[in-house]
Each structure stands twice: as structure tokens, then as C-alpha cells.
Amino acid sequence: MTELKTIGVVGAGLMGHGIAQVSAQAGYEVVLVDADGAALEKGLGVVRGQVEKAVAKEKLGAADGEAILARLTGATDVAALAGCDMVIEAIVENLEAKNGLWRTLDEAVQPSCIFATNTSSLAVIDQAAVTSRPDRFIGLHFFNPVQVMRLVEVVRTIAASDEAVRAGIAYGERIGKTAVETRDRAGFLVNRILVPFMLDAIRGFEEGIGSIEAIDAGFRLGAGHPMGPLTLNDFVGLETLSRAAEGMYEEYRDARFATPPLLRKMIAAGWYGKKTGLGFYDWSGPEPVPNPKIDLLRTV
Ligand SMILES: NC(=O)c1ccc[n+]([C@@H]2O[C@H](COP(=O)([O-])OP(=O)(O)OC[C@H]3O[C@@H](n4cnc5c(N)ncnc54)[C@H](O)[C@@H]3O)[C@@H](O)[C@H]2O)c1
């Protein structure tokens with residue numbers, strides 16, 4: 001297997017800047033591209049800030065910090081990606097936008113380059129198919145925040161070559177993650193199991209199996225989860241959860257992935273979870289308290 005040396009990252013937002021940072025830290029030459037110059041500067045600035053902080057805290061030597069930053073360059077034009085060995089895309093979650101980018105990259109980047117999408121919900125093959133290299137096209141699904149979360153899912157499409165999948169796994173391991181291989185099915189590996197679980201916690205609550213606090217305590221204390229599923233729903237955002245569920249429902253046509261009635265109504269009421277202050281919990285005070293409007297098993 002030929003070793004990858006130069007990694008291109010397109011999209012310098014929440015995910016892209018993190019992917020660029022962990023790649024540069026692992027010794028790759030990195031070219032970070034964002035069509036929006038201000039977004040590019042912001043992403044590069046966050047990486048610079050994090051590396052400088054690590055140097056200040058003596059978690060990283062000054063020379064190593066400088067070397068990491070020297071390996072990272074930014075550009076607003078995809079022409080800068082021409083010589084890359086792998087390009088990872090982290091732009092908006094929209095198939096038309098992604099395919100527009102892939103068509104341009106297919107022309108602009110050397111034919112041996114492996115393409116990888118960080119999509120959360122789109123089928124990887126739908127993107128691979130618009131390029132001339134579907135065999136060298138994989139999914140690399142990172143978790144937020146990229147610098148902290150230790151998993152990357154390597155997604156094998158029906159058209160991907162073993163070599164491309166192996167290259168994705170080798171890249172994931174070199175950046176210090178555990179790389180798990182999975183197939184190109186909605187939700188990939190983690191969300192395929194996690195999303196129906198998060199929805200089922202809502203269904204159980206609707207059925208009256210227990211209060212909000214009882215369900216969350218059950219999973220923290222009885223199953224060793226770091227947080228209960230209803231708290232997790234509020235952290236993820238109820239509209240984000242529902243969107244992920246709908247995408248999986250579209251693909252599988254299985255009731256496990258359908259949005260439960262209560263979830264739909266909470267979204268309609270504008271309760272999106274922590275970000276709006278109200279979800280399964282009321283987040284407006286110093287400590288979250290179960291949302292009294294829906295906690296049917298509360299004692300009155
Ligand atoms: N946010 C998450 O928790 C998460 C987790 C896993 C995967 N993802 C996926 O990662 C991708 C990026 O998500 P994000 O949260 O980082 O988004 P974001 O909005 O923070 O960043 C996207 C960036 O892409 C840039 N961009 C848009 N179109 C472009 C184009 N044609 N060419 C170059 N740059 C372009 C934008 O200027 C923006 O800076 C999405 O596909 C998303 O589904 C997100």
C-alpha cells in the first residue's frame with residue numbers, strides 16, 4: 001500500500017478544521033480549503049490557538065508546535081489540492097453541493113488520490129458515482145469534537161476497493177483514532193444503533209415506563225452510560241435527532257427509525273433541547289430540571 005503524505009481537507013468549519021489539525025499533528029502535510037476566506041481564516045486560527053495553548057501548557061514542545069503549524073497551509077481554491085494523496089470533504093450536508101465539489105475535484109486532483117466524505121447521513125455511493133474513481137472513494141465519518149473523540153468510521157461502498165478501505169483505516173490509526181470499518185448504510189455503525197435507542201427512550205417515556213429522571217438514572221446507573229438517553233437527546237438537539245431519524249427511516253422504511261409523536265410535538269413547540277433552553281429538561285437554571293410540561297409521572 002502506498003503511504004499517504006499529503007492530505008487535503010475541504011471545509012474549514014466545525015469538523016474540517018479539526019480533521020486538518022489531527023492530520024497535521026500526525027505528521028501529514030495538510031492543505032485546508034474553504035471557499036469562504038473568512039471561514040478559512042477562522043478555522044486556521046482555531047488550530048493555531050489550540051497548538052499554541054498546548055505549547056504554553058508544555059503538553060507539546062515549541063519546535064513540535066511550530067512544525068505542526070508549518071505542515072498546515074490554507075487556500076480558497078481547490079487547485080491547491082492537485083497533488084494530494086487523499087482529500088477529505090467536510091462541507092455542508094447537501095448532496096448537490098457535495099457532488100458539485102466532487103466533480104470539480106475529480107478534474108483538479110491527481111487520479112491516484114483517494115476521496116473521502118465526512119457525511120453523516122448521505123449515502124457515500126451517491127457521491128462516489130459522480131466521480132471517475134468510485135473504487136477510490138470511501139466515507140471517513142468523524143465525531144465532534146474531532147480532536148477529542150477517538151473513533152472514526154471507515155465506510156466501504158459497494159464499489160470501493162480493498163486498497164482504498166485499507167488506506168482509510170491506516171490513516172485513521174495514524175491520526176490516533178480507532179478506525180472501525182462499516183458499510184454504506186444509513187447511520188453507518190454508531191448512529192444505526194444509537195438513533196433507534198435514543199428514539200426508543202422517548203417511546204418508553206411516552207408509554208409511561210418511568211419519569212424523565214428515572215429513565216436517565218436507569219441508563220447511567222444500570223447500564224454504565226455516561227449520561228441518560230433523554231439528556232443525550234437534549235445535548236444532540238431534538239431537531240437534529242429527528243432529521244437523522246427521518247434519513248434512516250427513508251432508507252430502511254422501518255418503524256424503529258420513525259420520529260415518535262412526542263418528539264415531533266416538542267420540535268413543533270420550538271423545544272430543541274439544551275440550545276433553546278427547553279427539551280426533556282429545562283436548562284434555564286443552574287441545574288437542569290425535568291421539563292414539568294411533559295414529565296407525566298411527576299408527583300403533583
Ligand atoms: N457537526 C457534527 O457534529 C458532524 C459530525 C460528523 C459529520 N459531520 C458532517 O461534516 C460535514 C461538515 O459539517 P460541519 O458541522 O463542520 O459544518 P460547518 O458549517 O461548520 O462547516 C462547513 C464549511 O464548509 C464550507 N463550504 C461550504 N461549501 C463549500 C464548498 N463548495 N467548497 C469549499 N468550502 C465549502 C463553509 O464555508 C463552512 O466553513 C457535514 O457533512 C456534516 O454532516 C458533522
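In this predicted model, strand E1, which spans residues 6-10, pairs with strand E4 in the parallel sense, and the two are joined over 4 bridges. Within this pairing, Val10 stands opposite Glu89 of E4. Strand E4 is also paired with strand E5, formed by residues 114-117, and here again 4 bridges join the strands, which run parallel. One position of this second pairing is given by Met86, whose bridge partner in E5 is Ile114. Between these two strands the chain leaves E4, passes through helix H4 and arrives at E5, and the resulting β-α-β crossover is right-handed.

Strand E4, which covers residues 86-89, therefore takes part in pairings with E1 and with E5, and its side chains can be described by the direction in which they point. In a regular strand, side chains alternate between the two faces of the sheet. In E4, Met86 and Ile88 point one way, whereas Val87 and Glu89 point the other way, and all of these residues are buried. Glu89, the residue opposite Val10 of E1, is thus placed among the buried residues of the strand.

The ligand is surrounded by 23 residues, of which the closest are Gly11, Gly13, Met15, Ala39 and Asn144. Two or more residues of this shell are given by helix H1, comprising residues 14-25, and by helix H4, comprising residues 95-108. The most is given by H1, which contributes 3 residues to the shell. Helix H4 is also the helix through which the chain crosses from E4 to E5. In composition, the shell around the ligand divides into 13 nonpolar, 7 polar and 3 charged residues.

Conventions: Residues are numbered from 1 along each chain as its sequence is written. This is a predicted model: local features need pLDDT of at least 70, side-chain atom pairs count only at pLDDT 80 or more; totals for chains, interfaces and linings use all residues. A residue is near a molecule or strand if its C-beta atom, placed from the backbone, lies within 6 Å of it. Ala, Val, Leu, Ile, Met, Phe, Trp, Tyr, Cys and Pro count as nonpolar, Asp, Glu, Lys and Arg as charged, and the others, Gly among them, as polar. A residue is buried if 20 or more other C-beta atoms lie within 10 Å of its own, exposed if 12 or fewer, and partly exposed in between; C-beta atoms are placed from the backbone. Two strands pair if DSSP finds at least two bridges between them. A crossover is right-handed if, with the strands pointing away from the viewer, the path from the first strand over the helix to the second runs clockwise.
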